[in-house]
Amino acid sequence: MSDQASVSSDPVVKPVIGCCIFDLDGVIVDTAKYHYLAWKRLANSLGFDFTEADNEHLKGVSRVESLKLILNIGSVELTQADFDTALLNKNAWYLEYINKIGPEEILPGVSEFLTDVRTKGIKIALGSASKNAQLILERIKLLDQFDTIVDGNKVANAKPDPEVFLKAARELGVAPADCIVFEDAVAGVQAALNANMKVIGIGVDTVLQHANLVIANFQHTTIDELVAKVS
Ligand code: BG6
Ligand code: MG
């Protein structure tokens, strides 16, 4: 038998990935409601309202860019000093909620899925725009599940720029093509594609139509099943 023949008769090789990169807000934990309440309080303090529908546009968007969008909704202009104060106020109000959360806020199936990924020997990274990521992971007691955390304190460019995901892959020594990103935001899906990574959307496919696959949540699935579907 020639070498060629022996290669082609090999059993199908199982697809291998090196790293799963998880967004935080809306993927690991449902913090969008707390961001909303804090932004609404800020908008109200500036004399206008901010709806839950408006809040949908802020998913995955950095704190500074979110404030610009909100001021635009209220047609309010702030001096740089007042802009900075507004950012501080919003975050202080947001932290009032975050300081009360615990593991009960972890989204369905996430803990089991992280255990499954780890058991398969695949590295786990966080790739989030939030500057509060470390605190939130501590509060929900998942900090020790992550091999590296790349958050809003470590990157200069917001999603859809791929910086956050590329940095996570680099820190773990994994090639971008061997990473799978889990994202709930349109900007995050685009950031993963811009990083040349596979991306699985968490949510609905009418919103996340550019993802390689969309799932509602992590319940009743395994990493092997998802890798097979996106490979
Ligand atoms: C993203 C959220 O993960 O983080 C956005 O989806 C949020 O809503 C952004 O604005 C920044 O978060 P933080 O915690 O730094 O204000
Ligand atoms: Mg998110």
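**Notebook: salt bridges, domain contact and backbone exceptions**

I began with Glu105, which at 15% relative accessibility counts as buried, the cut-off for that class being under 20%. The model I am reading is a predicted one.

**Entry 1. The partner of Glu105**

I looked up which residue forms a salt bridge with Glu105, and found Lys33, with the closest N and O atoms 3.3 Å apart. Lys33 lies in helix 2 (residues 32–45), whereas Glu105 is in the loop between helix 5 (80–98) and helix 6 (110–119), so the pair ties together parts that are 72 residues apart in sequence. I noted that Lys33 is partly exposed, at 36% relative accessibility.

**Entry 2. The two domains**

I then turned to the domain division. The protein chain is split into domain 1 (19–29 + 103–230) and domain 2 (33–98). Over C-alpha atoms, I read a separation of 25 Å between the centres of domain 1 and domain 2.

For the contact itself, I recorded 12 residues of domain 1 touching 11 residues of domain 2. The size of an interface is often given as the accessible area lost when the parts come together. Here I noted a buried area of about 900 Å² between domain 1 and domain 2, with 54% of this area coming from carbon and sulfur atoms.

How many salt bridges are counted between domain 1 and domain 2? I found one salt bridge between them. I also noted three residue pairs in polar contact between domain 1 and domain 2, both residues of each pair being at pLDDT 80 or more. On the side of domain 1 that touches domain 2, I listed five nonpolar, one polar and six charged residues.

**Entry 3. Further salt bridges**

The structure as a whole holds 13 salt bridges, and I examined two others besides the Lys33 pair.

The side chains of Glu183 and Lys159 meet in a salt bridge, at 2.6 Å from N to O. This pair links distant parts of the chain, 24 residues apart: Glu183 sits in strand 4 (residues 179–183), and Lys159 in the loop between strand 3 (148–150) and helix 8 (163–172). I checked whether each residue is buried or exposed, and both Glu183 and Lys159 are buried. Through shared partners, salt bridges join Asp23, Lys159 and Glu183 into one network.

The other pair I examined is Lys120 and Asp116, whose closest N and O atoms are 2.6 Å apart in a salt bridge. Lys120 is partly exposed, with a relative accessible area of 37%, while Asp116 is buried, with a relative accessible area of 17%.

**Entry 4. Backbone exceptions**

Most residues other than glycine have a negative phi, and most peptide bonds are trans. I therefore searched for exceptions to this general pattern.

Where does a cis peptide bond occur? I found one joining Lys159 and Pro160, with omega about 15°. Pro160 belongs to the loop between strand 3 and helix 8. Lys159, already noted for its salt bridge with Glu183, thus appears a second time in my entries.

I also looked at two positive phi values in residues other than glycine. Asn196 has phi near 65°, and this residue lies in the loop between helix 9 (186–194) and strand 5 (198–202). Asn196 is exposed, its relative accessible area being 55%. His220 has phi near 60°, and its place is the loop between strand 6 (213–215) and helix 10 (223–230). At 78% relative accessibility, His220 counts as exposed, because the cut-off for that class is over 50%.

**Entry 5. Two buried residues and their neighbours**

I looked up Thr148, which is in strand 3 and is buried, with a relative accessible area of 9%. Its side chain is joined to that of Glu171 by a polar contact of 2.4 Å. Leaving aside residues up to four places away in sequence, Thr148 touches Ile124, Ala125, Leu126, Lys154, Ala168, Glu171 and Leu172.

Lastly I looked up Asn132, in the loop between strand 2 (123–127) and helix 7 (133–139). Is Asn132 buried or exposed? I recorded Asn132 as buried, with a relative accessible area of 9%. Again not counting residues up to four places away in sequence, I listed its contacts as Arg63, Asn91, Tyr94 and Leu95.

Technical notes:
Residues are numbered from 1 along each chain as its sequence is written. Chains are lettered from A and ligands numbered from 1 in the order in which they are written. This is a predicted model: local features need pLDDT of at least 70, side-chain atom pairs count only at pLDDT 80 or more; totals for chains, interfaces and linings use all residues. Side-chain values use heavy atoms; hydrogens and water are left out. Helices (H or I, at least four residues) and strands (E, at least two) are DSSP runs, numbered from the N terminus. Buried means under 20% relative accessible area, exposed over 50%, partly exposed in between (1.4 Å probe, protein chains only). Contact means heavy atoms within 4.5 Å. A salt bridge is a side-chain nitrogen of Lys or Arg within 4 Å of a carboxyl oxygen of Asp or Glu. Domain bounds come from an automatic or database domain assignment. Buried area is the accessible area (1.4 Å probe) that two parts lose on being put together, summed over both. A polar contact is a pair of N or O atoms within 3.5 Å; within protein, one must be able to donate a hydrogen and the other to accept it, and residues adjacent in sequence count only if both atoms are side-chain atoms. Ala, Val, Leu, Ile, Met, Phe, Trp, Tyr, Cys and Pro count as nonpolar, Asp, Glu, Lys and Arg as charged, and the others, Gly among them, as polar.
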